[in-house]
Amino acid sequence: MEGWIDKIWFDNHLLGWLGAPLLWPLSKVFGAIARHRRNLFLKGKNNAYRAFVPVIVVGNITVGGNGKTPVVIWLVEKLIALGMTPGVVSRGYGGKAESYPLVLDKNSRACEAGDEPVLIYQRTGTPVAISSVRSDAIKSLLLLGVDIIITDDGLQHYKLYRDVELVIVDGKRRFGNEQYVPFGPLREQTDRLSSVDFVICNGGKPHQGEIAMSLTPRELVNIRTGDRVSANSLEQVIAMAGIGHPQRFFDTLMSIDLIPQHCEPFADHKDFKFDQLTVLANKGRHLVMTEKDAVKCRDMLRHNPDIDNWWYLPVDVNINKDDTAKIMKTIKKLRYIYGSQIT
């Protein structure tokens with residue numbers, strides 16, 4: 001089903017126009033609701049929560065993965081380097097915790113916290129809290145002494161006041177047919193980009209005013225042992241990806257001369273089953289996946305110590321020095337508003 005949705009949204013497939021009599025009116029309703037919520041926020045009539053520390057939103061105006069989580073990780077690392085103590089809040093999509101807000105620790109699992117929050121926590125060690133009510137997540141982090149909040153997604157969560165907005169754009173697919181959900185991929189119209197602080201273009205050619213970003217692959221990491229190897233040292237590789245745009249991951253593998261003999265795309269936040277993945281892995285000698293998928297597979301391998309041929313590929317965000325300096329300058333100015341002693 002998801003493959004057909006992509007074809008309708010991004011490839012102008014005939015099926016989309018056949019479904020237009022149903023999808024187009026629904027998209028108009030979605031758009032009207034989205035604009036109404038935005039207008040209430042701008043007029044200060046929605047009782048938005050305002051924290052006593054700066055809040056940075058990393059989001060997008062389309063459905064699906066554009067590279068938000070790698071940017072959150074990059075931003076956390078940059079803020080720590082500035083001497084700040086960031087905390088990250090997320091909805092925790094795909095997780096089912098017993099209670100909320102949930103503050104992650106070293107024992108947190110993707111099944112309760114969601115794959116992206118666990119990934120952020122494991123990569124950065126920074127405090128991460130999840131709740132569908134992001135103000136509750138923020139309050140739980142403030143008790144831990146954080147002095148700046150990054151929200152992973154949440155551009156359209158207008159119950160939360162924000163100081164800086166960063167929007168990530170898929171540089172290759174852009175905005176598809178530029179229709180609202182469900183007829184297209186838009187959560188908000190493209191003119192929303194004119195009101196955000198920074199538009200970051202992930203791959204492709206950035207448009208005027210956008211910041212170019214790329215993802216730089218690291219070495220492959222063995223999920224069970226932690227061993228690292230160069231990507232082109234593995235043979236008979238099966239690749240899988242349960243992210244918003246799996247083809248981006250497969251393209252990344254091929255760009256580093258790792259040519260899978262089979263690529264298996266899954267839905268974003270897919271709840272993998274061990275038997276399902278072992279069947280897939282047995283089609284080759286090695287199974288390679290994204291780091292986000294690996295946080296869900298790591299628990300499987302704890303109970304199956306004989307499996308040592310599952311790997312993941314970490315990636316780092318690459319933004320040039322001048323654009324990085326612009327982003328950091330904007331964030332550092334917030335210390336005058338909030339009275340922080342950040343230098």
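A polar contact is a pair of N or O atoms within 3.5 Å; within protein, one atom must be able to donate a hydrogen and the other to accept it. In this predicted model, such a contact of 3.1 Å links the side chains of Asp299 and Arg109. Asp299 makes a further polar contact, side chain to side chain, with Arg302 at 2.4 Å. Asp299 belongs to helix α10, which covers residues 291-302. The relative accessible area of Asp299 is 14%. Buried means under 20%, so Asp299 counts as buried. Ala34 lies elsewhere: its C-alpha is 38 Å from that of Asp299, and 265 residues separate the two in sequence.

The nonpolar cores were examined next. In soluble globular proteins, nonpolar side chains tend to be buried together. Here the largest nonpolar core contains 38 residues. Leu75, Leu79, Ile200, Ile327 and Ile331 have the most contacts inside this core. Helix α4 (residues 68-81) supplies the largest share, with seven residues. Another core, of 18 residues, lies apart from it; its members include Val221, Ala281, Leu287 and Cys297. Leu79 touches Ile56, Met84, Pro86, Ile148, Ile150, Met328 and Ile331, with residues up to four places away in sequence not counted.

One sheet was traced strand by strand. Six strands make up this open sheet, and their order is β10-β9-β14-β13-β11-β12. The pairing is mixed. At the edges stand β10 (228-229) and β12 (262-265). Each has a single partner strand, so one side of each lacks a neighbour in the sheet. Strands β13 (residues 286-290) and β14 (residues 310-313) run parallel and are joined by four bridges. Thr290 has Leu313 of β14 as its bridge partner. Helix α8 (residues 246-255) packs on the sheet. There, α8 touches β11 (237-241), β12, β13 and β14. The direction of α8 makes about 150° with that of β11.

Helix α7 (residues 134-142) was considered last. This helix is mostly covered, with seven of its nine residues buried. The buried residues of α7 are Arg134, Ser135, Ala137, Ile138, Ser140, Leu141 and Leu142. Several strands contribute to their cover. Among them are β1 (55-59), β2 (86-90) and β3 (102-103). Strands β4 (128-130) and β5 (148-152) also help to cover the buried residues of α7.

How values were computed: Residues are numbered from 1 along each chain as its sequence is written. This is a predicted model: local features need pLDDT of at least 70, side-chain atom pairs count only at pLDDT 80 or more; totals for chains, interfaces and linings use all residues. Side-chain values use heavy atoms; hydrogens and water are left out. Helices (H or I, at least four residues) and strands (E, at least two) are DSSP runs, numbered from the N terminus. Buried means under 20% relative accessible area, exposed over 50%, partly exposed in between (1.4 Å probe, protein chains only). A nonpolar core is a set of buried Ala, Val, Leu, Ile, Met, Phe, Trp, Tyr and Cys residues joined through side-chain atoms within 4.5 Å. Contact means heavy atoms within 4.5 Å. Two strands pair if DSSP finds at least two bridges between them. Axes are lines fitted to C-alpha atoms, for helices over the stretch in contact, and angles run from 0 to 180 degrees between N-to-C directions.
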